[in-house]
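Got your viewer ready? Load the model, set it to a cartoon view, and follow along stop by stop.

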Amino acid sequence: MKLWDKGYSIDKWIESFTVGNDRLLDLKLAKHDVQGSIAHIAMLESIGLLTTDEHRMLDAELRNIAAEIEDGKFTIEHGIEDVHSQVELLLTQRLGDMGKKIHSGRSRNDQVLVDLKLFYREELCTLAQNVNTLFERLLSLSEQHKDVLMPGYTHLQVAMPSSFGLWFGAYAETLIDDVQTIVAAYRIANQNPLGSAAGYGSSFPLNRTMTTQLLGFDDLHYNVVAAQMSRGKTERALAYAINAIASTLGKFAMDVCLFNSQNYAFISFPDEFTTGSSIMPHKKNPDVFEIMRGKCNRLQTIITEVSSLTTNLPLGYHRDLQLLKDITFPAIEVMNECLLMADFMLQHIRINENILDDKRYDYLFTVEDVNRLVLDGTPFRDAYKEIGHQVQQGTYKPTREVHHTHEGSIGNLCTNQIKHKMQTALEQVK
């Protein structure tokens with residue numbers, strides 16, 4: 001059974017090539033397909049295309065199918081093209097010709113669009129929640145270790161004093177910017193395309209405002225052509241969100257790999273969270289963060305994939321767009337996995353609290369000592385030259401004192417303000 005069946009059979013190789021992974025990927029859309037159909041038939045009854053009894057029976061059976069999906073009993077049978085066909089087939093098997101009426105006033109184009117919008121909307125909420133879980137972990141570690149100093153680097157050279165409070169807190173606050181990209185993608189996803197049909201509307205007197213309200217969308221894509229054009233646009237916004245998160249998490253994973261090495265020795269993890277070498281007995285490798293770094297690097301390429309797939313496609317639907325699911329569905333899953341793994345690993349991180357006892361870090365305090373002289377009345381340029389001369393002559397002795405009080409500095413992390421900023425961002429994704 002195909003929704004476009006006209007009484008002839010398609011070549012099996014052609015069918016396999018064009019359907020691709022859709023049967024597998026569409027299982028993720030099943031509950032959303034039923035949700036969209038429940039709203040659609042309520043609207044069809046309101047405009048007289050279904051009787052009250054037909055609507056009642058179809059609605060009840062759709063809810064039965066929804067329960068089967070929830071219980072893991074729903075499958076897309078062999079030879080059935082996609083989830084939409086499977087749902088309609090079940091309705092027809094169980095209710096007869098009544099099941100064939102469900103497609104009135106819509107195309108598979110707007111049907112899959114509404115499925116995807118509902119799916120992406122839900123997944124973006126989950127993604128935001130998982131980002132927030134990691135955010136909370138980082139912010140907690142920031143407060144817990146706020147007084148533990150560590151070296152700060154520029155050009156990979158010892159620069160100025162930093163702290164674990166700053167390091168953890170920096171990544172926490174950066175995740176807020178990433179949530180803003182989720183917000184942007186969520187707003188694009190949270191618009192109703194149902195009723196745009198194949199992209200040019202319908203001669204049925206559809207009530208698109210009604211389905212918008214029933215499906216909980218903030219608004220609808222008013223122009224039916226624009227609704228179809230959102231296929232690819234939504235995925236591109238999602239790709240930017242995943243790219244942003246992956247960029248932050250990948251950078252953090254790289255820091256962890258460096259700081260865990262013997263030459264840094266700033267942090268460590270229990271033995272059971274590391275791996276070994278087949279030849280070097282001493283090795284305890286941070287493979288989790290190396291794999292995480294690699295996955296995040298790959299995730300950052302999906303913008304290019306989505307853009308390349310959709311660039312220069314002319315107006316209207318094209319089958320190329322089906323391949324977007326092959327890109328975005330696995331990417332969402334991998335991104336969530338990386339976020340949850342990062343949170344799990346950070347529950348077991350160990351912090352070296354005596355890093356700056358090593359004399360190699362003496363020069364970290366040159367700026368602190370320049371500023372101390374300035375506060376005592378020495379002009380800045382003279383203070384700079386004085387400390388610089390001591391460094392050149394090998395006579396510099398650091399005071400090893402740090403007094404930072406301004407917002408966002410070592411002594412004033414602004415944790416509560418950062419937390420409030422995240423809460424404000426998250427309120428826009430629900």
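**First stop: a hole in the protein**

Select L134, L138, Y171, L175, T248, L249, F252 and L346: together they line the largest cavity. Three helices, α6 (108–144), α7 (164–189) and α9 (224–260), each give two or more residues to that lining. The largest share comes from α9, with three residues. Try coloring your selection by residue type: seven of the lining residues are nonpolar, one is polar and none is charged. How big is the volume of this largest cavity? It is about 40 Å³. The count of cavities of 30 Å³ or more comes to three. As for how such holes turn up, rolling a probe the size of a water molecule over the atoms shows where empty space is left.

**Zoom out: the whole chain**

Now show everything. This is a predicted model, and its protein chain holds 15 helices and six strands. Rotate the C-alpha trace and you'll see it span about 95 × 55 × 40 Å along its principal axes. The chain's radius of gyration is 29 Å, while a compact globule of 430 residues would have one near 22 Å. Switch to a surface view: the chain exposes about 21,500 Å², and carbon and sulfur atoms supply 52% of that. Of the 430 residues, 48% are buried. If you draw contacts between residues at least 6 apart in sequence, 77% of them join residues at least 24 apart.

**Next: helix α13**

Select residues 366–375, which form α13, and pick out its buried residues: T366, E368, D369, V370 and L373. What covers them? Bring up β2 (157–163) and α14 (380–393), which are included in that cover. Then step just past the end of α13 to G377, where phi is positive, at about 115°.

**Last stop: two unusual backbone angles**

Most residues other than glycine have a negative phi. Two places to look at with that in mind are A265 and C414.

Go to A265 in the loop between α9 and β5 (267–268). Its phi is positive, about 55°, although A265 is not a glycine. Is A265 buried or partly exposed? Its relative accessibility is 34%, so A265 counts as partly exposed.

Then jump to C414, in the loop between α14 and α15 (415–426). C414 is another residue other than glycine with a positive phi, near 55°. Here the relative accessibility is 13%, and because buried means under 20%, C414 counts as buried.

Key:
Residues numbered from 1 in each chain as written. Predicted model: local features only at pLDDT ≥ 70, side-chain atom pairs only at ≥ 80, totals over all residues. Heavy atoms only, no water. Buried < 20%, exposed > 50% of the residue type's maximum accessible area, 1.4 Å probe, protein only. Helix = DSSP H or I, 4+ residues; strand = E, 2+ residues; numbered from the N terminus. Contact = heavy atoms within 4.5 Å. 1 Å grid on protein atoms, 1.4 Å probe; cavity = no way out; pocket = protein on both sides within 12 Å on 5 of 7 lines; lining within 4 Å. Points joined across faces, edges and corners; volume = space filled by probe spheres on them. Nonpolar A, V, L, I, M, F, W, Y, C, P; charged D, E, K, R; others polar. Rg over C-alpha atoms; globule rule 2.2 N^0.38 Å. Areas by Shrake-Rupley, 256 points an atom, 1.4 Å probe, with all protein chains shown as cover.
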